[in-house]
Number of protein chains: 2
Amino acid sequence: MKKPYISKNVIQRMPRYLRTLTELQKEGIHRISSGELGARMRLTPSQIRQDFACFGGFGQQGYGYNVKTLRDEVASILGVNRGFQMVLVGTGKIGQSLLENFDFESYGFKLRAAFDIRHDLIGENICGVPVLDCSEMEDFIRSNGIHVAVLSTNRAGAQRAVDTLIAGGIRAIWNFTECELSPGDSDVIIESIHFSESLLRLGYHLSNSASA
Amino acid sequence: MKKPYISKNVIQRMPRYLRTLTELQKEGIHRISSGELGARMRLTPSQIRQDFACFGGFGQQGYGYNVKTLRDEVASILGVNRGFQMVLVGTGKIGQSLLENFDFESYGFKLRAAFDIRHDLIGENICGVPVLDCSEMEDFIRSNGIHVAVLSTNRAGAQRAVDTLIAGGIRAIWNFTECELSPGDSDVIIESIHFSESLLRLGYHLSNSASA
């Protein structure tokens, strides 16, 4: 498969395309024009045509897009169904909430185990996921070929967990800790959910809105 | 105060500047060059000089930035210390985790109340924040001049909560529901934390990394 250059902004929008197309499929809609899709997503039709052109088209002038074909193509571009193996580190409230509410499988991730240092949690089972001792983590990652770790420890434990994950050979970290993680010399992929940055952006827009 | 045009990418970086400069202050560092700041943030010195130039400078060639001055200026641009009044809607695991762990005050937000529909939670107090009945929400927002709502309901309750918030005159919503919210004709500001989009971006980068 050829890998065209895709801009960061297009990649940012791909998950939204996947979500919207999945919704359309559930609603039983088989075909959609760039105008209709744009209206749903608050994007211009030409923006949408341009985005999909990066991946080689999929649409037909005056005929619209086949929802299923387009959805499958976007899913494949995003690597959904690659069966990435995953662990979660830190089973506090955020970690537990993810285990209980987040549908990892539907995004192509298989959650194999959770890790914690708290003895009252080790040995438990949260929504079918066993909670293991952090001291076993490096071995577990190596022997089970784990690709991705969800990092939901407290701030104090974050960097040590990262070092252990990297020692075990982890390839990507989904970071909920609000810490700026240091991957050292490793080329591990870090994708962060920064609550505070998001709230500060909101505050910026609120400060600068007409009625502020 | 003059309001210069500031690009979306610069605004995206401002919260990181604030976080890094606050850390530097705590470490007792008074002055920093664009090179040193860049090394910490993995940005080039010229990128940093360019970003701050948008706001009219602050630095002096060959002398660096005064950490406190720069930090205060960035905080002011972001609207920290404006004392925005805030409520939280939905006290499930995510909502509770935010109430217990997130330092809203340090970002300039004053959390006045939480709302839920569950009778076992109404009347409780979570970390000093009273949990009230959703039926009181519209009035509360209007009479207390609430600016911002954290939306952490389940998906099913999200849009109805939004409609009520808008009816009460809310100005901004910090959205944790994974739903694409419809603000109708209102000009409410919506800033979303999209877990799934973030994870899908991670999957994309993992699929396209050299060793995939």
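## A guided tour of chains A and B

Between chain B and chain A, 18 residue pairs are in polar contact, with both residues of each pair at pLDDT 80 or more. The model is a predicted one, and the tour starts at this interface.

**First stop: the side of chain B that faces chain A.** Select the elements of chain B that give two or more residues to the side touching chain A: helix H1 (8-26), strand S3 (84-89), helix H5 (93-101), strand S8 (172-175), strand S9 (189-192) and helix H8 (195-207). Of these, H8(B) provides the largest share of that side, with 13 residues.

**Second stop: the whole interface.** Next, display both chains together. Chain B brings 62 residues to the contact, and chain A brings 62 residues. Between them the two chains bury about 5800 Å², and 62% of this area lies on carbon and sulfur atoms. The interface also holds salt bridges, 6 in count between chain B and chain A. To view a salt bridge between side chains, select A:Lys93 and B:Glu100, where the N to O distance is 2.9 Å.

**Third stop: strand S7 of chain A.** Now hide chain B and select residues 148-151 of chain A, which form strand S7. Are the residues on its two faces buried or exposed? A:Val148 and A:Val150 lie on one side, A:Ala149 and A:Leu151 on the other, and all are buried, so that both faces of the strand are covered.

**Fourth stop: the neighbours of S7(A).** Add strand S3 (residues 84-89) of chain A, which runs parallel to S7(A) and is joined to it by 4 bridges. Within this pairing, A:Met86 has A:Val148 as its bridge partner. Then add strand S8 (residues 172-175) of chain A: S7(A) and S8(A) also run parallel, and 4 bridges join them. Here the bridge partner of A:Val150 is A:Trp174. To follow the chain from S7(A) to S8(A), select helix H7 (residues 155-168) of chain A, through which the chain crosses; this β-α-β crossover is right-handed.

**Last stop: an aspartate in chain B.** Return to chain B and select helix H3 (residues 45-53), where B:Asp51 is found. Why does B:Asp51 count as buried? Its relative accessibility is 2%, and B:Asp51 is therefore classed as buried, the cut-off being under 20%. Leaving aside residues up to four places away in sequence, B:Asp51 touches B:Val10, B:Arg13 and B:Tyr17. Showing these three side chains together with B:Asp51 completes the tour.

Note on methods. Residues are numbered from 1 along each chain as its sequence is written. Chains are lettered from A and ligands numbered from 1 in the order in which they are written. This is a predicted model: local features need pLDDT of at least 70, side-chain atom pairs count only at pLDDT 80 or more; totals for chains, interfaces and linings use all residues. Side-chain values use heavy atoms; hydrogens and water are left out. Buried means under 20% relative accessible area, exposed over 50%, partly exposed in between (1.4 Å probe, protein chains only). Two strands pair if DSSP finds at least two bridges between them. A crossover is right-handed if, with the strands pointing away from the viewer, the path from the first strand over the helix to the second runs clockwise. Contact means heavy atoms within 4.5 Å. Buried area is the accessible area (1.4 Å probe) that two parts lose on being put together, summed over both. A salt bridge is a side-chain nitrogen of Lys or Arg within 4 Å of a carboxyl oxygen of Asp or Glu. A polar contact is a pair of N or O atoms within 3.5 Å; within protein, one must be able to donate a hydrogen and the other to accept it, and residues adjacent in sequence count only if both atoms are side-chain atoms.
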